[in-house]
Structure formats: C-alpha cells, structure tokens
Amino acid sequence: QVQLVESGGGLVQAGGSLRLSCAASGRPFSSYGMGWFRQAPGKEREFVAAVSWSGGSTYYGDSVKGRFTISRDNAKNTVYLQMNSLKPEDTATYYCAADRRPYYSGRYYGRGDFGFWGQGTQVTVSS
C-alpha cells in the first residue's frame with residue numbers, strides 16, 4: 001500500500017516562502033514519478049508540478065512557473081515543493097501524488113497521471 005504524508009504547510013505573508021515535503025512509503029520510491037496538486041475552497045484540484053522518476057524532467061502549472069520548484073531525494077523517499085514569492089491566490093490545500101506507472105518517461109499533464117494521493121497540507125498566504 002502506497003502511503004504519502006505531506007508536511008511543511010502553514011501561514012505565510014505574501015512574498016514569503018515555504019517548502020513542502022512528501023514522504024512516501026510502500027513501494028520503491030525511485031521508480032515512480034511524483035507530483036503536487038492544490039485545491040482551494042470551491043475550486044477544482046489544480047496541477048502544480050511534477051517530477052519524473054529519475055528527477056531529470058520537471059513540469060509546472062502556468063500559475064506557478066518561475067516561483068515554485070519541485071525536486072526529489074530518492075535516498076530519503078521524499079519529494080519537495082519549494083514555493084517562493086507566494087501570493088494570496090496560492091492559498092489552498094496542497095496534495096502530494098504518485099504515479100502508478102513505473103519508469104514512465106512521458107509528460108505529466110494532470111490528475112489522470114496519478115493514482116495515489118496524500119491527505120494534504122494547508123498553505124495560507126496572507127496579503
């Protein structure tokens with residue numbers, strides 16, 4: 001059973017930074033792509049970022065490009081989301097996600113690419 005546990009959320013002022021972490025267990029972490037999504041109240045879950053199983057490819061949603069960076073540490077079974085220049089519109093619950101497909105080498109587009117989800121961590125950006 002794949003388990004994903006997010007941490008690092010909190011309250012930050014606009015312009016500030018946060019780093020989210022997602023610890024994975026239950027299968028060989030280094031074989032699978034990972035992603036981050038977010039969902040604000042009343043809105044659909046939005047793709048934020050993804051990283052390939054090797055870490056060699058990364059993908060970002062348009063609203064976070066240039067501000068957020070996804071990375072992974074396969075030795076620690078952890079994926080990170082560094083969030084800089086935060087805006088009030090970044091306020092949401094952030095979810096870690098894992099691909100079902102080992103060694104997938106294609107592009108990541110959205111929810112359909114991921115089969116496992118964490119419980120989420122809240123990020124609130126004050127103006």
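**Exercise 1.** Characterise the salt bridge between the side chains of Asp-90 and Arg-67, stating where each residue lies and whether each is buried or exposed.

*Solution.* The side chains of Asp-90 and Arg-67 meet in a salt bridge at 2.7 Å, N to O, the criterion being a side-chain nitrogen of Lys or Arg within 4 Å of a carboxyl oxygen of Asp or Glu. Asp-90 lies in the loop between β8 (78–83) and β9 (92–102), and Arg-67 in the loop between β6 (58–60) and β7 (68–73), so the pair ties together parts that are 23 residues apart in sequence; the strands named here are DSSP runs (E, at least two residues), numbered from the N terminus. Asp-90 is buried, with a relative accessible area of 0%, and Arg-67 is buried too, at 11%, where buried means under 20% relative accessible area, exposed over 50%, and partly exposed in between (1.4 Å probe, protein chains only).

The model is predicted, so that local features need pLDDT of at least 70 and side-chain atom pairs count only at pLDDT 80 or more, whereas totals for chains, interfaces and linings use all residues. Residues are numbered from 1 along each chain as its sequence is written, and side-chain values use heavy atoms, with hydrogens and water left out.

**Exercise 2.** Determine which residues are linked with Asp-90 and Arg-67 in a network of salt bridges, and describe the pair formed by Glu-46 and Arg-38.

*Solution.* The network links Arg-38, Glu-46, Arg-67 and Asp-90. Within the pair of Glu-46 and Arg-38, the side chains meet at 2.8 Å, N to O; Glu-46 is partly exposed, with a relative accessible area of 31%, whereas Arg-38 is buried, at 6%. By the salt-bridge rule, the count comes to six.

**Exercise 3.** Give the accessibility of each partner in the salt bridge between Asp-99 and Arg-101.

*Solution.* The side chains of these two residues, Asp-99 and Arg-101, meet at 2.9 Å, N to O. Asp-99 counts as buried at 0% relative accessibility, while Arg-101 counts as partly exposed at 30%.

**Exercise 4.** Describe the lining of the largest cavity.

*Solution.* A search of the whole structure finds one cavity of 30 Å³ or more, a cavity being a set of points on a 1 Å grid over the protein atoms alone where a 1.4 Å probe fits but cannot get out. About 50 Å³ of space lies in the largest cavity. Its lining residues, which have an atom within 4 Å of a point, include Val-2, Arg-27, Phe-29 and Met-34. The strands β3 (18–25) and β4 (32–39) each supply at least two residues of this lining.

Note on methods: On a 1 Å grid over the protein atoms alone, a cavity is a set of points where a 1.4 Å probe fits but cannot get out, and a pocket is an open set with protein on both sides within 12 Å along at least five of seven lines; lining residues have an atom within 4 Å of a point. Grid points are joined across faces, edges and corners, and a volume is the space filled by probe spheres set on the points. Helices (H or I, at least four residues) and strands (E, at least two) are DSSP runs, numbered from the N terminus. Ala, Val, Leu, Ile, Met, Phe, Trp, Tyr, Cys and Pro count as nonpolar, Asp, Glu, Lys and Arg as charged, and the others, Gly among them, as polar.
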